[in-house]
Amino acid sequence: MTRTVTDTHCPYCALQCAMTLTPSAEGVSVTPRDFATNQGGLCQKGWTSAEVLTLPDRITEPLLRNADGVLVPVTWQAALRYVADRIDALQSEHGRDAIGVFGGGGLTNEKAYQLGKFTRTVLRSRHIDYNGRFCMSSAAAAGNRAFGIDRGLPFPLTDVTDADALLLLGSNVADTMPPLVQHLRGVRDRGGLLVVDPRRSATAALTGDGAGLHLAALPGTDQALLLGLLHLVVAEGVADEDYLAARTSGWDEVRRSVALWWPERVAATTGVPEETLRTAVRILAAASPSRGGRGAMIITGRGAEQHTDGTDTVTAAINLALALGLPGRPASGYGCLTGQGNGQGGREHGQKADQLPGYRSIEDGAAREHVAEVWGVDPATLPGKGVAAVELLGKLGTEVRGLLVHGSNVVVSAPDALAVRRRLESLDLLVVCDFVPSETALLADVVLPVTQWAEEEGTMTSLEGRVLRRRKALDAPGSARSELQILADLAVALGSEVAFDTEPSVVFDELARASAGGTADYSGLSHAVLDAETTAHHWPVPAGSTGTPRVFGERFGHVDGRARMVPVTPGAPEDDLRPEAPVYLVTGRVLAQYQSGAQTRRVAALARSAPAPFVELHPNLAARYGIEEGDEVTVASVRGTATAAARIVTSIRPDTVFMPFHWPGDGMANAVTNDAVDPISGMPEFKVCAVQIARAIDVAAGPSNVEGALV
């Protein structure tokens, strides 16, 4: 053990709740620490986070698949030599792009940075992307298009407390980020919480008793809803015309485009009553600072973003916020809720297919020269732009013959997961860095054991763009190594002369230099500066600065300082309702589980709270199919099926079923979901697809027992 008491942050979501770790002979105890985002609170996952450090099936030594197909322990030297030899052989035969890299939004900034550097300087492959593509890409694309900057929340989370109104689309924060609910108290007290969700989720339920409105829109219609709200802003004369003239471009085109979305049409499209639409606009307008309110905010989550028109849906939300004059005003603006622990930092420093550190474009000549100089390489040797995650996974076994996976369990978390599994199995080389035998690790040719959050130093960037220190509290078990060490060792084994430091503080200093002058500028930071904790360091933090908590107070990120308003038109779900698939499936999370569940399913208390997947459906829908509470229900799409126990509730639309996506096996929701993507962001359409449902017993008995053939 290296310390007695350590202040750090939770390993799970981007709220990055502060906690203190106290090692003892029995293990590590967790206590919450007062901090701006969690205000002394932790969710069930945070309280039990230390249990993942001592799981009985923790991977503590390298594993190599032998001739009998069994993963067996080997030395680090043997594992790295095997990986290096296979990479050499595959690249010699098929070219440098034959090796791909798939990263994760839970990696520290240092590891995400090194992973991008390794891919582009050692492998010299263009094929790198990460699971944040499944999480943040549509909001990022829309934010960059409108503002010239993508920072999830362009204001501190504490600003939410002061707002009079909040329109929250597609996020069930009461389950996914419970400590955040404290920040909604003021909005609820003032009757201003507006939640868009096809389910009356735990968050939507917070609108009860006069605290706000629940807008139960049909899945896939969030964009139409937002266009209808903007139509009413124009019709009721509550747009902030002075702000629009001074700070935006494109307003005239957007105003004309929403003329088509009159209330009757929007109500028929979304299922949200006209009067609810009008009331929502009046609440938002009254809360806007230009009309004397304390502030109004519009925030999106994955429910609004994980669609083939997700970027345009977020653009519609931004247009509404701009029309009301919100961005850059006190307790106001547009933001999106980052999901993974380092979903923000993970997309800033090189894991994305098109990016270099500092949120620079890999196709920008000046950016390539700057970063190449920091790395000590010729910019001409850096590969070009790669492809987004779903397309990268689609190339497995053909153009991409080997894959290195860091911090992701794609077998469970990717859309159309059964097809992804088949492609992984077709690879000539699959290397997985993990600390538990996840479903993806169990398919690997080589598994490399890595350190966990409490066993390493580093930094994370929270949902509000605040750079935070992760601190080591204890030593890793067995021979587990940090990815920083693994990447350095692999670089040597592959004969590279590019330098890879293994000390996190030194890697961060290099990251800071590489990011200098970029959109996400960390050049004014170091581990020493962050350890002082004298201020909150929200990026950009150029040298000599203490950070930028609020980024749009005076200007936006485009050269002219104006926000770009872009007209958008809703599209239908790629896999839409039809006679043989008459029900919508939406997917999401539950309170006690996280992401693919590889960690949380192994924690006893969390497994007791949420032991298995389920299918949530309305009593009317259940009656139509003869389904009773607890029956095993099969949900089928053209891609696959999932079977789980029925939960019959009145809190969901009668044309929709819901499944959580944390489990593998028969109840794996992503066996059913669609891998169609947003053409701008590459975001897959997790949140809506057409399915058939039936009692599993009827499916087993044959088609004659099922209403309509299962697709």
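## Cysteines, helices and unusual backbone turns

The sulfur of cysteine 336 lies 8.4 Å from the closest cysteine sulfur, which belongs to cysteine 135, and that is too far for a bond. A disulfide is a covalent bond between the sulfur atoms of two cysteines. The cut-off used here asks for two cysteine sulfur atoms within 2.5 Å. Cysteine 689 is in no disulfide either: the nearest cysteine sulfur, again that of cysteine 135, is 19 Å away. In fact, a search of the whole structure finds zero disulfides. Please keep in mind as you read that this is a predicted model.

Are these two cysteines buried or exposed? Cysteine 336 counts as buried, at 2% relative accessibility, and cysteine 689 counts as buried too, at 1%.

### The chain as a whole

Let's step back and look at the whole molecule. The protein chain contains 24 helices and 27 strands. What radius of gyration would a compact globule of 711 residues have? The expected value is near 27 Å, and the protein chain has 25 Å, which agrees. Along its principal axes, the C-alpha trace spans about 70 × 70 × 50 Å.

Buried residues make up 63% of the 711 residues. The accessible surface of the chain comes to about 23,200 Å², and carbon and sulfur atoms account for 50% of that surface. Contacts also link distant parts of the sequence: among those between residues at least 6 apart, 73% join residues at least 24 apart.

### Two helices with a buried face

An α-helix has 3.6 residues a turn, so residues three or four places apart point the same way. Helix H15, residues 365-375, is a good place to look at this pattern. Its buried residues are Ala367, Arg368, Val371, Ala372 and Trp375. Seen down the axis of H15, these buried residues fall within an arc of 125°, so they line one face of the helix. On the other side of H15, Ala366, Glu369 and Glu373 are exposed.

What do the buried residues of H15 pack against? Their partners are helix H3 (109-123), strand S14 (355-356), strand S15 (360-361) and helix H20 (504-515).

The two ends of H15 are worth a look as well. At its start, a side-chain oxygen of aspartate 364 comes within 2.9 Å of the backbone nitrogen of alanine 366. After the helix comes glycine 376, which has a positive phi, near 75°.

Helix H18, residues 417-425, makes a second example, with Ala417, Ala419, Val420 and Leu424 buried. Viewed down the axis of H18, its buried residues fall within an arc of 155°, so they line one face of the helix. The elements that cover them include helix H16 (389-394), strand S16 (402-406), helix H17 (410-413) and strand S17 (429-434).

### Unusual backbone geometry

Most residues other than glycine have a negative phi, and most peptide bonds are trans. Against that background, two residues stand out for their phi. They are listed here with their places in the chain.

| Residue | Phi | Loop | Relative accessibility |
|---|---|---|---|
| Aspartate 416 | near 50° | between H17 and H18 | 10%, buried |
| Glutamine 595 | near 50° | between strand S22 (583-588) and helix H22 (604-609) | 17%, buried |

Neither of these is a glycine, yet phi is positive in aspartate 416 and in glutamine 595.

Which two residues does a cis peptide bond join? They are tryptophan 539 and proline 540, with omega at about 0°. Proline 540 lies in the loop between helix H21 (527-532) and strand S21 (563-564).

### A threonine and a glutamine

Threonine 221 sits in the loop between strand S10 (212-215) and helix H7 (222-235). This threonine counts as buried, at 8% relative accessibility. A polar atom of the threonine 221 side chain lies 2.6 Å from the backbone oxygen of leucine 218. Leaving aside residues up to four places away in sequence, threonine 221 touches Thr269 and Thr270.

Glutamine 485 belongs to helix H19, residues 483-493. With a relative accessible area of 29%, glutamine 485 is partly exposed. How far apart are glutamine 485 and glutamine 306, C-alpha to C-alpha? They are 35 Å apart in space and 179 residues apart in sequence.

Notes: Residues are numbered from 1 along each chain as its sequence is written. This is a predicted model: local features need pLDDT of at least 70, side-chain atom pairs count only at pLDDT 80 or more; totals for chains, interfaces and linings use all residues. Side-chain values use heavy atoms; hydrogens and water are left out. Buried means under 20% relative accessible area, exposed over 50%, partly exposed in between (1.4 Å probe, protein chains only). Helices (H or I, at least four residues) and strands (E, at least two) are DSSP runs, numbered from the N terminus. The arc is that of the directions from the helix axis to the C-beta atoms. Contact means heavy atoms within 4.5 Å. A polar contact is a pair of N or O atoms within 3.5 Å; within protein, one must be able to donate a hydrogen and the other to accept it, and residues adjacent in sequence count only if both atoms are side-chain atoms. The radius of gyration is taken over C-alpha atoms; the globule rule is 2.2 Å times the number of residues to the power 0.38. Accessible areas come from the Shrake-Rupley method with a 1.4 Å probe; for residues, only the protein chains shown count as cover.
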